[in-house]
Amino acid sequence: MFTFCYTVISLISRKEAMVDAAVLEKLETGFKKLESTPSNSLLKKYLNKDLFDSLKTKKTSFGSSLLDVIQSGIENPDSGIGIYAPDAESYTVFADLFDPIIEDYHKGFGRTDKHPPKNWGDVSVFGNLDPAGEYIVSTRVRCGRSLEGYPFNPCLTEEQYKEMEQKVSTTLSGLEGELKGTFYPLTGMSKDVQQKLIDDHFLFKEGDRFLQAANACRFWPSGRGIYHNENKTFLVWCNEEDHLRIISMQQGGDLGEVYRRLVTAVNDIEKRIPFSHHDRLGFLTFCPTNLGTTVRASVHIKVPKLAANKAKLEEVASKYNLQVRGTRGEHTEAEGGIYDISNKRRMGLTEFEAVKEMYDGIAELIKIEREL
């Protein structure tokens with residue numbers, strides 16, 4: 001197994017092999033396509049010709065090139081972001097592209113800013129946002145984590161996928177109390193188990209076209225798996241988009257209960273597995289939207305009056321740095337007037353502050369809906 005240190009990336013030899021001619025040719029073709037295709041992605045916004053020329057021959061020590069970073073955005077002009085980090089080093093080697101996109105998405109987290117230390121805050125502060133059950137269908141808080149010493153999906157070998165799955169499975173088998181549960185590997189999964197997990201809305205599918213284009217779904221389903229507790233309120237995804245997605249969720253609007261469960265779980269798992277962390281960027285993951293805290297607190301919420309005026313809904317959401325998605329998440333439509341609404345900012349603020357933004361924003365949305 002290899003390890004790498006994020007704090008000394010600047011010391012990596014610059015004599016490493018340049019990208020080969022075939023990659024360079026794909027990059028040039030891809031950049032021309034990006035220039036000529038209408039797109040509102042942050043990739044299109046920030047990757048100008050000068051920046052492209054300065055980055056196109058660079059590689060990380062894992063062999064990742066600019067092509068690995070931008071290929072999903074080139075193939076999918078409807079991407080909101082358009083870039084992924086094939087390994088942790090990419091955030092440094094291709095910083096001139098990542099930094100402005102990070103600053104734009106995370107509302108002003110500049111290249112000289114430093115993400116604060118982890119702080120879950122006072123877990124007793126959050127309560128039930130909708131005690132009468134009129135608006136909130138379900139509540140979920142999740143975070144992403146990467147295992148130290150491994151690159152991200154596009155650079156992983158099949159052997160590493162399997163090795164990581166074994167580590168994760170062994171670690172999770174040590175959880176106790178409310179978190180105690182079962183790990184289900186995707187490889188060789190029986191039809192009964194598969195159907196049960198689909199019925200519970202737990203089973204993740206092979207990546208969407210954005211992840212496919214980023215080369216993040218190789219060796220599927222090797223090394224992938226799902227863990228959940230007996231109450232089905234806590235689950236962990238292994239090697240879907242990130243090495244780990246740690247999720248706490250339940251029906252109704254009791255954000256406090258959901259948050260406390262997640263904090264307990266993350267702290268417990270962190271004692272057993274070291275996670276990739278960067279002094280400036282916080283916790284490191286595959287997508288730059290998920291850096292820093294990596295925390296996404298969300299509700300499925302019915303706000304029919306507000307939903308009838310989508311501009312008003314978006315206006316309130318923007319004020320509280322909330323992201324409005326369709327019922328089934330990113331790139332989907334609202335079904336039955338139910339929206340997935342979550343905190344958008346994950347960097348430059350603590351875990352507690354990220355969840356507080358969502359808490360305050362949802363409370364405001366419910367207040368407005370009542371008044372309409």
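Leaving aside neighbours within four places in sequence, which residues is proline 100 in contact with? Three come up: Tyr46, Ala95 and Arg111. One caution before I go on. This is a predicted model.

Let me stay with proline 100. Its place is in helix 6, residues 95–105. Buried or exposed? Proline 100 is buried, because its relative accessible area is 18% and the cut-off for buried is under 20%. Now look along the chain. Lysine 180 is 80 residues away from proline 100, and their C-alpha atoms are separated by 42 Å.

Next, the record. UniProt, in an unreviewed entry, places the feature "domain: Phosphagen kinase N-terminal" at residues 23–107. In the model, that stretch is 60% helix and 0% strand. The C-alpha atoms at its ends are 33 Å apart.

On to helix 1, residues 21–36. It has 16 residues. At 1.5 Å a residue they should span 22 Å, and the end C-alpha atoms are 23 Å apart, which agrees. At the start of this helix, look at aspartate 20. One of its side-chain oxygens comes to within 3.2 Å of the backbone nitrogen of alanine 22.

Which residues of helix 1 are buried? They are Leu27, Gly30, Phe31 and Leu34. Seen down the helix axis, these buried residues fall within an arc of 105 degrees, so they line one face. What do they pack against? Helix 2 (42–46), helix 3 (49–55) and helix 4 (66–75). Now turn the helix around. The face away from the buried side carries exposed residues: Ala21, Glu25, Thr29, Lys32 and Ser36.

Now the cores. The largest nonpolar core has 57 residues. Phe234, Ile301, Ile341 and Ile362 have the most contacts inside it. Apart from that core lies another, of 40 residues. Phe31 is among its members, along with Leu42, Ile83 and Phe98. We met Phe31 a moment ago, as a buried residue of helix 1.

Take isoleucine 341 from the largest core. Not counting residues up to four places away in sequence, its contacts include Ala297, Leu313, Val324 and Leu365. Ser298 and Val299 are also among the residues that isoleucine 341 touches.

Ser298 and Val299 come back with serine 138. Serine 138 sits in strand 1, residues 136–145. Its relative accessibility is 16%, so serine 138 counts as buried. What does serine 138 touch, again setting aside residues up to four places away in sequence? Gln250, Gln251, Gly252, Ser298, Val299 and His300.

That's the tour. Questions, please.

Conventions. Residues numbered from 1 in each chain as written. Predicted model: local features only at pLDDT ≥ 70, side-chain atom pairs only at ≥ 80, totals over all residues. Heavy atoms only, no water. Helix = DSSP H or I, 4+ residues; strand = E, 2+ residues; numbered from the N terminus. Expected span 1.5 Å × (residues − 1). Buried < 20%, exposed > 50% of the residue type's maximum accessible area, 1.4 Å probe, protein only. Arc of directions from axis to C-beta. Contact = heavy atoms within 4.5 Å. Polar contact = N/O pair within 3.5 Å; in protein donor to acceptor, adjacent residues only side chain to side chain. UniProt positions renumbered as here; feature names shortened; annotations may be inferred. Core = buried A, V, L, I, M, F, W, Y, C linked by side-chain atoms within 4.5 Å.
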